[in-house]
Amino acid sequence: MRIGEAADAAGTTPRALRLYEARGLLPPPARTPSGQREYGVAEVARVRVIRSLLALGLTLEDIRRRAHRLDTLVQEQPSASCTGRTGGFSDVVADRLAALDAEITRLTHLRQSLAAAASGPSPAPHEDGVTAPGPQP
């Protein structure tokens, strides 16, 4: 099947297929005599696995690090193959979880700072220790 048909079958776009190929997630497809890409059922299944891993929060780089395992994931459930096996995705998943935890912490602090700023500035004390009144309406 041509790139548009393969993209439709995988639930994505031709542009995404070209990106996955460029990033090493898909091997270069066979070409027709006129140079058009041709995909088979195996490539479509691989793209579906890539998309499900992306939906789980992994990045293209995370997946690229274990691209050699994608064919195994095509045959198994991605969640069953992501943990506990040497050469599997467990280290990639652990790294992604750590990055997500760090981002959650950063965003929580940012939210707290923004909420504090939105509640208004705290009145600054004068040199004599008395707090100045806020602006009067």
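A contact here means heavy atoms within 4.5 Å. By that rule, among contacts between residues at least 6 apart in sequence, 48% join residues at least 24 apart. The model is predicted.

**Figure 1. Overview of the protein, with seven helices and two strands.** From the N terminus on, the order of elements is α-α-β-β-α-α-α-α-α. The protein has 137 residues, and buried residues make up 26% of them. The exposed area is about 9000 Å². Carbon and sulfur atoms supply 56% of that area.

**Figure 2. The largest nonpolar core, with 23 residues.** Seven members touch the most other members: L17, Y20, L25, L53, I63, L70 and F89. Five helices each supply at least two residues of this core: α1 (3-10), α2 (14-22), α3 (41-55), α4 (60-65) and α5 (70-75). The largest share comes from α3, with five residues.

**Figure 3. Close-up of Y20 and its contacts.** Neighbours up to four places away in sequence are left out here. Y20 then touches T12, L25, L26, V47, I50, R51, L54 and L60. Y20 is also one of the buried residues of α2.

**Figure 4. Helix α2 and its buried residues, A16, L17, Y20 and E21.** Seen down the axis of α2, these buried residues fall within an arc of 140 degrees, so they line one face of the helix. An α-helix has 3.6 residues a turn, so residues three or four places apart point the same way. The cover over the buried residues of α2 includes α1, β1 (30-31), β2, α3 and α4. The face turned away from the buried side carries the exposed residues R15 and A22. Just after α2, G24 takes a positive phi of about 85 degrees.

**Figure 5. The salt bridge between R37 and E21.** The closest N and O atoms of this pair are 2.8 Å apart. R37 sits in strand β2 and E21 in helix α2, so the pair links distant parts of the chain, 16 residues apart. E21 counts as buried because its relative accessibility is 17%, and buried means under 20%.

**Figure 6. The salt bridge between R2 and E38.** Their side chains meet at 3.9 Å, N to O. R2 lies in the segment before α1 and E38 in strand β2 (residues 37-38), so the pair ties together parts that are 36 residues apart in sequence. R2 is partly exposed, with a relative accessible area of 39%. E38 also counts as partly exposed, at 34% relative accessibility.

**Figure 7. The salt bridge between R96 and D62.** The two side chains meet at 2.7 Å, N to O. R96 belongs to helix α7 and D62 to helix α4, so the pair ties together parts that are 34 residues apart in sequence. D62 is buried, with a relative accessible area of 4%.

**Figure 8. A network of salt bridges linking R65, R66, D91 and D95.** Four residues are joined here: R65 and R66, together with D91 and D95. The count for the protein comes to eight salt bridges.

**Figure 9. Close-up of A67, in the loop between α4 and α5.** A67 counts as buried, at 10% relative accessibility. Leaving aside neighbours within four places in sequence, A67 is in contact with G24, L25 and R46. One of these, G24, is the residue just after α2 with the positive phi. Another, L25, is among the core residues that touch the most other members. F89 is 22 residues from A67 in sequence. In space, the two are 9.8 Å apart, C-alpha to C-alpha.

**Figure 10. A nonpolar surface patch made by L97, L100 and I104.** The patch covers about 280 Å². L97 is found in helix α7 (residues 90-118). L97 is partly exposed, with a relative accessible area of 48%.

Conventions. Residues are numbered from 1 along each chain as its sequence is written. This is a predicted model: local features need pLDDT of at least 70, side-chain atom pairs count only at pLDDT 80 or more; totals for chains, interfaces and linings use all residues. Side-chain values use heavy atoms; hydrogens and water are left out. Helices (H or I, at least four residues) and strands (E, at least two) are DSSP runs, numbered from the N terminus. Buried means under 20% relative accessible area, exposed over 50%, partly exposed in between (1.4 Å probe, protein chains only). Accessible areas come from the Shrake-Rupley method with a 1.4 Å probe; for residues, only the protein chains shown count as cover. A nonpolar core is a set of buried Ala, Val, Leu, Ile, Met, Phe, Trp, Tyr and Cys residues joined through side-chain atoms within 4.5 Å. Patches are made of residues with over 30% relative accessible area and no salt bridge: like charges are joined within 9 Å, nonpolar side chains (Val, Leu, Ile, Met, Phe, Trp, Tyr) within 5 Å. The arc is that of the directions from the helix axis to the C-beta atoms.
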